[in-house]
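Open the model in a viewer and keep the sequence panel at hand. The stops below follow one another as selections.

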Amino acid sequence: MTLFPKNITLEGGIQTPVQIKEFGAVTKIDFSPVSPYNYAVTASSRIHIYGRYSQEPIKTFSRFKDAAYCATYRDDGNLLVAGSEEGTIRLFDLSGRAPLRQFDGPTKAVHVVGFLSDKYRIFSGGDDYSSSLWDIPSATEIVSYSEHTDYVRCGCASKVNADVFITGSYDHTVKLFDARTKSSVMTIEHGQPVESVLLFPSGGLLVSAGGRYVKVWDVLKGGQLLVSLKNHHKTVTCLCLNSSGQRLLSGSLDRHVKIYSTTSYKVVHSFNYATSILSLALSPEDETIVVGMTNGVLNVKHRKPEERKEKSEKKRQPAYRTYVKGRTYMPKQEDFCVSKPVKRVLRKYDKLLKSFQSSKALDAVLEPPIRLYTPEVTVAVMQELHRRGTLRSALAGRDEKQINLLLTFVARRVIEPRFTAVLVTVADMITDIYQPVVGQSAIVDRQFLKLQEAIGKEIDYQEELLEVLGMMDTLFATFTKKGATYLEENKSNGLTETIETNMNDTD
């Protein structure tokens, strides 16, 4: 299966993205190579493990005093290794929380770590310019190479040869090391500080990224340059391959992810994001793409499931007499009549709510026939999503057109007393979620101003009504007092007349 072919559109092939806020810039994302394909996110001093469809971490590793770097899975998905700002390398078992092993030795921050394909050794690189190899069972350093002359910030291991690993450095070079030798076996000049390196599954092609360039090298021909790509406007920070090796992805500080065909090395698709991109990863089945950004936001996009078109065989229709049979029969007195139960047909939004598809349910009730003629249904679905606690996730990840539609509906209906309580909550959530993008779209800004104006007018009306109510309360209080005085006077007059009448009768 190829990733996002050229004829596919973003709206047709990708579901509404989910955005997750992390504690700091997301520097590394790595998918587990085994099902259920959870992914590890490295941000600030924590490593979070997420399920493919979860929006909350299912596990957290936070035993770091300072920033953590490059959390990477082993091929069997049981172990996770990570570097740190304090210069130590920690090995974690996914079933526990405390480090299984700790490797000490580097004098400065360790920015890149990974497993060799034999699963028993770890390579590392850091700010002390060194590249090292570590033995997992004994937690000792096997060999250290000090050939780079600047920070080592990226690396990868060969899946074909268990002794080969590659590191990229800010000294503009990519070096290929063999654990059986005392020095590097190949040096490639990229020409820019190297931010990311990638080996094809065959081990014959190497991709390096640095500056605005993505370059492809033939390792088997001694590091010969095959192609140099310059499709980004700013520094390229990360690289990724799909499962078949037919698509190459690159992320950049220019807020774009470019997807190249590895046969022609031409851009076949592109994604645009809100801020600069630091990391990206693709699930092993090519169904989920996760992008980490400098503002700490994790953007998760899922491929829409392919609808199976089954050819239904045309059934033979029954004869006409089948339909009219028994129509004229009149039940007798001793007959027992059985009424046919009426089948309840669920609306589209009810079905989506029943299957917990919050975002699609909200989209269903924002369609014109429901939004314009039965707004109470739209508000009821919003209230149900809020009760379930999924309203925020349903509102998040929408494009300019959808945000405009939501704000138009809220601004028009928030002044209706029966909808006010729910739509005020919705307006608060929309403002909170999309506050960072205010100023980027004139249409959205205009709708926010209309919402503010509508709420402002409603507040003025309420204040005027309260003043009128105060006046009416004063008038009612005055009328009540006068009525009570009049009744007392009548009662006193009636008592005097009765006493006088009784005295006259006595005389």
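Start by selecting residues 1-12, where pLDDT stays under 50. The model has 34 contacts beyond four places in sequence for this stretch. Where pLDDT is low, the predicted coordinates should not be read in detail. This is a predicted model, and colouring the whole chain by confidence gives the wider view: the mean pLDDT is 86, and 90% of the residues reach 70 or more.

**A cis peptide bond**

Select S35 and P36. The peptide bond that joins S35 and P36 is cis, with omega at about 10°. P36 sits in the loop that runs between strand 2 (26-31) and strand 3 (39-43). Most residues other than glycine have a negative phi, and most peptide bonds are trans.

**C70**

Move on to strand 6 (residues 68-73), which contains C70. What is the sign of phi at C70? Phi is positive, near 55°, in a residue other than glycine. C70 has a relative accessible area of 11% and is therefore buried, the cut-off being under 20%.

**The sheet of strands 18 to 21**

Select strand 18 (194-199) and strand 21 (224-229) together with the strands between them in the order 18-19-20-21. These make an open sheet of four strands with antiparallel pairing. Strand 18 and strand 21 are the edge strands, each pairing on one side only. From one strand to the next the twist averages 20°.

Within this sheet, zoom in on strand 18 and strand 19 (residues 205-210), which are antiparallel and paired over five bridges. L199 stands opposite L206 of strand 19.

**The sheet of strands 22 to 25**

The next selection is another open sheet of four strands, in the order 22-23-24-25 and again with antiparallel pairing. Which strands stand at its edges? They are strand 22 (236-241) and strand 25 (267-272); each has a single partner strand, so one side of each is left without a neighbour in the sheet. Here the twist averages 20° from one strand to the next.

Inside the sheet, strand 23 (residues 247-252) runs antiparallel to strand 24 and is joined to strand 24 by five bridges. Look for L249, which stands opposite I259 in strand 24.

Stay on strand 24 (residues 256-261) and select K258. K258 is buried, yet it has no salt bridge. The nearest side chain of opposite charge belongs to D254, 5.9 Å away, while a salt bridge needs a distance within 4 Å. Show the surroundings of K258 next: leaving out residues up to four places away in sequence, K258 touches N231, H232, L248, L249, S250, V267, H269 and S270.

**The hairpin of strands 26 and 27**

For the last stop, select strand 26 (residues 277-282) and strand 27 (residues 288-293). Five of the six residues of strand 26 are buried, so this strand is largely enclosed by the rest of the structure. Strand 26 and strand 27 pair in the antiparallel sense over five bridges, and A281 has V290 in strand 27 as its bridge partner.

The two strands form a hairpin with five residues between them. Select D286, which lies in the loop between strand 26 and strand 27. Is D286 buried or exposed? With 1% relative accessibility, D286 counts as buried. Its phi is near 60°, a positive value in a residue other than glycine.

Conventions
Residues are numbered from 1 along each chain as its sequence is written. This is a predicted model: local features need pLDDT of at least 70, side-chain atom pairs count only at pLDDT 80 or more; totals for chains, interfaces and linings use all residues. Side-chain values use heavy atoms; hydrogens and water are left out. Buried means under 20% relative accessible area, exposed over 50%, partly exposed in between (1.4 Å probe, protein chains only). Two strands pair if DSSP finds at least two bridges between them. Lys and Arg count as positive and Asp and Glu as negative; His and the chain ends are not counted. Contact means heavy atoms within 4.5 Å. pLDDT is the predictor's confidence in each residue, from 0 to 100. Axes are lines fitted to C-alpha atoms, for helices over the stretch in contact, and angles run from 0 to 180 degrees between N-to-C directions.
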